[in-house]
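Please open the model in a viewer and keep the selection tool at hand. The tour proceeds by selections, each followed by a short account of what is found there.

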Amino acid sequence: MQKSDPREVIDWNDVRKHKYGHLSESASQYQEATDILELGHFTWDKYLKETCSVPAPVHCFKQSYTPPSNEFKISMKLEAQDPRNTTSTCIATVVGLTGARLRLRLDGSDNKNDFWRLVDSAEIQPIGNCEKNGGMLQPPLGFRLNASSWPMFLLKTLNGAEMAPIRIFHKEPPSPSHNFFKMGMKLEAVDRKNPHFICPATIGEVRGSEVLVTFDGWRGAFDYWCRFDSRDIFPVGWCSLTGDNLQPPGTKVCIYLNKNGSPGPHLDKKKVQLLPDHFGPARASVVLQQAVQACIDCAYHQKTVFSFLKQGHGGEVISAVFDREQHTLNLPAVNSITYVLRFLEKLCHNLRSDNLFGNQPFTQTHLPLTTTEYSHSHDRYLPGESFVLGNSLTRSLEPHSDSMDSTLNPTNLVSGSQNLRTHGYRPLLPSCGLPLSTASAVRRLCSRGSDRYLESRDTSRLSGRDPSSWTVEDVMQFVREADPQLGPHADLFRKHEIDGKALLLLRSDMMMKYMGLKLGPALKLSFHIDRLKQGKF
């Protein structure tokens, strides 16, 4: 294993001088891009001065002074602790890479339990380490096959697989002698609800060996307590060194859906009408994923929309079902509403539809399709970047090109099919830097948007039908219509393949144990399911 040299102390205030292992070229290119974008007008030097803040010193962290090089490759096999059962060591496959981190999937598990580890984590080891130390490899929690088939599964998994070589593993750095953090210090931290994100954060409180990590601009939505030696927190400048995509603080965007325009030949207008009036406010990459996924779900043939997209890097995952299997693809990383709108404008052009998205609310009058026409101009762009809703604060967008354009792929049209999937969104409030009038406008619009979405849905599709005949999509619609506050949980019913028959068998304890619901939502759902059984829906 490689060892980090503690003598090579990095000047974290001058991160541009440093290259990062074999990723030096990509890190340099990434820095050039962020110089132009300034990560949504965010730079650490400027931000620290504006907030009169100080970065946490490097010695506070259990991180290498020089970030370790990442020489792992996709599909390499290694041994890893099962994060849901830390007494078990399992076989894992590298399914993603970013900076000094690996996205891992335990063999025999599904893709819903992927997790991230640093390349110098003690929780990952080369194949053979467990046996060498007298242990036995175990099946992951939730192993999809019969436990008795594990030995044969293990043999087949490792036969011919590419094992990560010992030389690319790194020794874990030592822990600080004690908790040096002080309240108010700035740092970079993994968003544990979206662990592929690293964001600017502040130490909100110090309590013994624990620190409260608060994410700047998010008002408690993602805060968490962790030990001072957690591997999920990093010094200011870490992402600039590793090439990770640092998310700007509290950059929430909201885009609006134009239901009046022509959806073109590839999107089903009836399904478009069932979508929410807006996506967000949330992170730009999350909003982009929701909008693109909505286009896929509303397509007559999902393969058509999917064929217009190319594999991106660092963004959210979208999925489509065609040719009897599920296909996934990463969208590009985006940091502002400008790039979200540019991407969607190009996608709509390929779909030959009107511009379906904008940064201002549309009047939803449900006009006939013939009242609007699609312009085929390549130089036409939507309204520009706006983090708030007032027209006076909107900036125009000048047409230009960037590497994100390459993720839209105008290819021949092909066929496929899939039902509607409507993704929820987090009702996050604007950052405290916005005027109070603007913040209240966002709240009002978010509230009205959600209400319109719920009121506009066609409830007659479920009315009078035997619930035991409902599909998974019908069950999701039932959950959304039963109580607006249950809407964000609707996707769980897709994840667990709950159709009408399964719904009628659900109990609150089952929803809490197997679906991860809290007591309140589980009790509400049980109440509505009981009413359904009594024919009162």
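The stops below concern a sheet, the cysteines and a cavity.

**The sheet.** Please note at the outset that the model is predicted. Begin with the open sheet, which is built from five strands with antiparallel pairing in the order 4-3-2-1-5. Its edges are found by selecting residues 115-118, which form strand 4, and residues 124-125, which form strand 5. Each of these edge strands pairs on one side only.

Next, select residues 77-82, which are strand 1, together with residues 85-98, which are strand 2. The two run antiparallel and are joined by six bridges. To view one position in this pairing, select L78, whose bridge partner in strand 2 is A92.

**The cysteines.** How many disulfides does the structure hold? The count is zero. Select C295, which takes part in no disulfide: the nearest cysteine sulfur belongs to C348 and lies 5.6 Å away. C295 counts as buried because its relative accessibility is 3%, below the 20% cut-off. Then select C60, which also counts as buried, with a relative accessibility of 1%.

**The cavity.** Three cavities of 30 Å³ or more are present in the structure, and the largest has a volume of about 40 Å³. To display the lining of this largest cavity, select L257, L267, V272, L275, A294, C295, C298, L356 and F357. C295, visited at the previous stop, is thus one of the lining residues. What is the character of this lining: nonpolar, polar or charged? Its residues divide into nine nonpolar, no polar and no charged.

How values were computed:
Residues are numbered from 1 along each chain as its sequence is written. This is a predicted model: local features need pLDDT of at least 70, side-chain atom pairs count only at pLDDT 80 or more; totals for chains, interfaces and linings use all residues. Side-chain values use heavy atoms; hydrogens and water are left out. Two strands pair if DSSP finds at least two bridges between them. Helices (H or I, at least four residues) and strands (E, at least two) are DSSP runs, numbered from the N terminus. A disulfide is a pair of cysteine sulfur atoms within 2.5 Å. Buried means under 20% relative accessible area, exposed over 50%, partly exposed in between (1.4 Å probe, protein chains only). On a 1 Å grid over the protein atoms alone, a cavity is a set of points where a 1.4 Å probe fits but cannot get out, and a pocket is an open set with protein on both sides within 12 Å along at least five of seven lines; lining residues have an atom within 4 Å of a point. Grid points are joined across faces, edges and corners, and a volume is the space filled by probe spheres set on the points. Ala, Val, Leu, Ile, Met, Phe, Trp, Tyr, Cys and Pro count as nonpolar, Asp, Glu, Lys and Arg as charged, and the others, Gly among them, as polar.
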